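This report introduces a structure to a reader who has not met it before. Please look over the sequence and the model before reading on.

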Amino acid sequence: MPDPVAEKTSTEEDEAVTPEGMLAEQEGELALPYWLTSTEEAANTTFLQMVRRLPRLLREAWLLAWRASPRTTLAVLASQVAGGVAAAVGLISVVGVLDGLLRAGPTPERVRAAVPALALLILALAVRGLLQSAATAAHGRLSPMVSEAAEMKLMDLTTRVDLATFDDPGWRDAMERARDRGTFAAQQVVDHSIDLFTHLMGLIAAAGVLAVLHPALLPMLVLAVLPTGWAAVRSARLGYRSRLRLIAVWRRQRMLAYLLAAREPAAELRAFTVRRFLLTEVGRLLRISTLEEIRVIGRVVRTNLLGQALSGLATGLAYAMLFGLLWTGRMALATAGAAAYAINMGIGKLTELAFTANRVYEQGLYFADFQGFCDLSLARAEPDGNRAPDAFAEIRLDHVTFSYPDADRPAVSDVSLTLRHGQIIALVGENGSGKSTLAAVLAGLYRPQTGTVTWDGVDAAGFDPETVRERVAVVMQEPTRWPLSARLNIAIGRHDRPATLERVRESARAGDAHDFVMELPREYETLLSRHFTDGADLSGGQWQRLAVSRAFHRDAPLLICDEPTANLDARAEHEVYRRLRDLAAGRTVVLITHRMASVREADRIYVLDHGAVIEEGGHEELITAGGLYAQLFTLQASAYQTA
Ligand SMILES: Nc1ncnc2c1ncn2[C@@H]1O[C@H](COP(=O)(O)OP(=O)(O)OP(=O)(O)O)[C@@H](O)[C@H]1O
């Protein structure tokens, strides 16, 4: 049977007369989507704007290097500066050698006149060679350190922002760009700015020599390099803009490629026979990015060709001027020889300088993404505050409203409720009614936009959010399957305190996980990830029991269970609820579940609808009221009766 992916590709190739033609076809995909508009601003950054921003970017990059290792940074700087000086001395001594050799007089005398400059040249070259080796060694140490510092800074800031920021597509996009090239760019900006400095020193030497020999030659030198510099800057911007255009396409392609390769969706991928469908989509996205890259390369080559042609013309003019000066007798042959050498050196240095400046500029564009993300994340970092108290008698929510970023309506709307020590509170409602969001507000994961959360009368907004969460244990709706041993999967609930195996076993028993863990090949030490040799995987219900054990192990005064028994069999569910009731005696439990039978014994039940509490009270009270709770309860009860 022919492969539809292969078929589609060949059909597309038949139609694709030129890459440009294909691109026009894909214009919808390649046009900046509305959710990438923030990057348009970056793409339109002009060269001058970038030059103005460059000093700050350079400072930030060097600060990063300094923090990574002050000693190595100093070593790099010192060896580069000294190397630059040695190169300049070398250049000046070359002029001295030429001057000696080309002056009038008998040859032995001319050679003798050139010897001191020659000795200086040899010395300068030797010193420069040594310094270059020292600089390379220091540079080689500094580069990975800067990269490591940038990576750590990125991770630190990514995890310091509040949870709501993770739901902000603008921030996620900024993160993607910072991660994509930003950390690498930090290292590159440092690397290239060192080179920039070295070339600048060489250029100053060449220009100084030329200015002394004949001032008119200096502007010619600049003219010769300007077009190359222009072409390099334009090429950098073309590349950067293209990356911006493609970032959304890449994100989608990477997401799909991950789904194709990951273990978790592997079963569903095959069961629904979606392999070809997804492959076609990935192929389409890859093609878009390939064609865009080909298009940009074409433009870059054309730009560079034009730049080089103009530079060649200007170099020719500089030499023509030199010959003119010689012809008209306004310059001696020895001076003209030295000037030709200095022009050659100068053009070399200026070209290198233009290319290095361009690399700093190009990497600066990406480093600006990194800096932009750092600034954005710092602005969103969770505030510090006082320590939350170790325990509480009462937590109150007063008219609390919370909306997700960009949401049309609040997920939790004007909710007031009270949790008392030792109580079991149940949150009930249909899908999307706001139960999980409310639980996240209680857990200190989201800060309400209006209303207050108070702990024994003290506003929790003033507490350090990290210390609030220290007092809370959560069984998430979809608990994370940590690729760690079974023991660590439980102990991670209180990773800050050393846990004996006995203590972990106790928590596992409380979460009804002990028995199946003991059946694993290496019991508590079994690695729970099929991605590694001898790793084991668990069933959905077993993972959930492990998550419940983890929450018990956390031993916090507030326990929030968001659908803790969704995947559990009837016996395990019964066990977990029995233990939850025992546990509630010493703490407060918030229970979210669609199993109405489990809710009956809660001390207080809150019924949510579209984010608002529409009913509250005990089970009997709510049944008598005959509202939504009564409807949901009777519906489930009758389903069991007829079954
Ligand atoms: N991360 C998010 N970003 C934006 N909107 C969200 C996010 N999470 C939930 N929502 C929206 O907030 C509303 C409440 O969702 P929530 O998950 O709190 O409901 P729930 O009652 O727990 O639902 P379920 O019973 O299905 O678990 C829904 O309309 C949902 O679409």
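How much of the chain over residues 200-233 is helix, and how far apart are the end C-alpha atoms? Over this stretch the predicted model is 91% helix and 0% strand, with the end C-alpha atoms 18 Å apart. Helices (H or I, at least four residues) and strands (E, at least two) are DSSP runs, numbered from the N terminus. The unreviewed UniProt entry places the feature "transmembrane region" at residues 74-101, 113-131, 200-233 and 305-327; such annotations may be inferred rather than shown by experiment. Two of these spans are set out below.

| Span | Helix | Strand | Distance between end C-alpha atoms |
|---|---|---|---|
| Residues 74-101 | 100% | 0% | 41 Å |
| Residues 200-233 | 91% | 0% | 18 Å |

The chain contains 23 helices and 10 strands.

Around the ligand stand 13 residues, the closest being Tyr404, Ala411, Asn431, Ser436 and Thr437. A residue is near a molecule if its C-beta atom, placed from the backbone, lies within 6 Å of it. Helix α14 (residues 435-442) gives the most to this shell, with 3 residues.

Confidence is reported by pLDDT, the predictor's confidence in each residue, from 0 to 100. The chain has a mean pLDDT of 81, and 90% of its residues reach 70 or more. For the complex, the predictor gives an ipTM of 0.96 and a pTM of 0.68.

Residues are numbered from 1 along each chain as its sequence is written. In this predicted model, local features need pLDDT of at least 70 and side-chain atom pairs count only at pLDDT 80 or more, while totals for chains, interfaces and linings use all residues.
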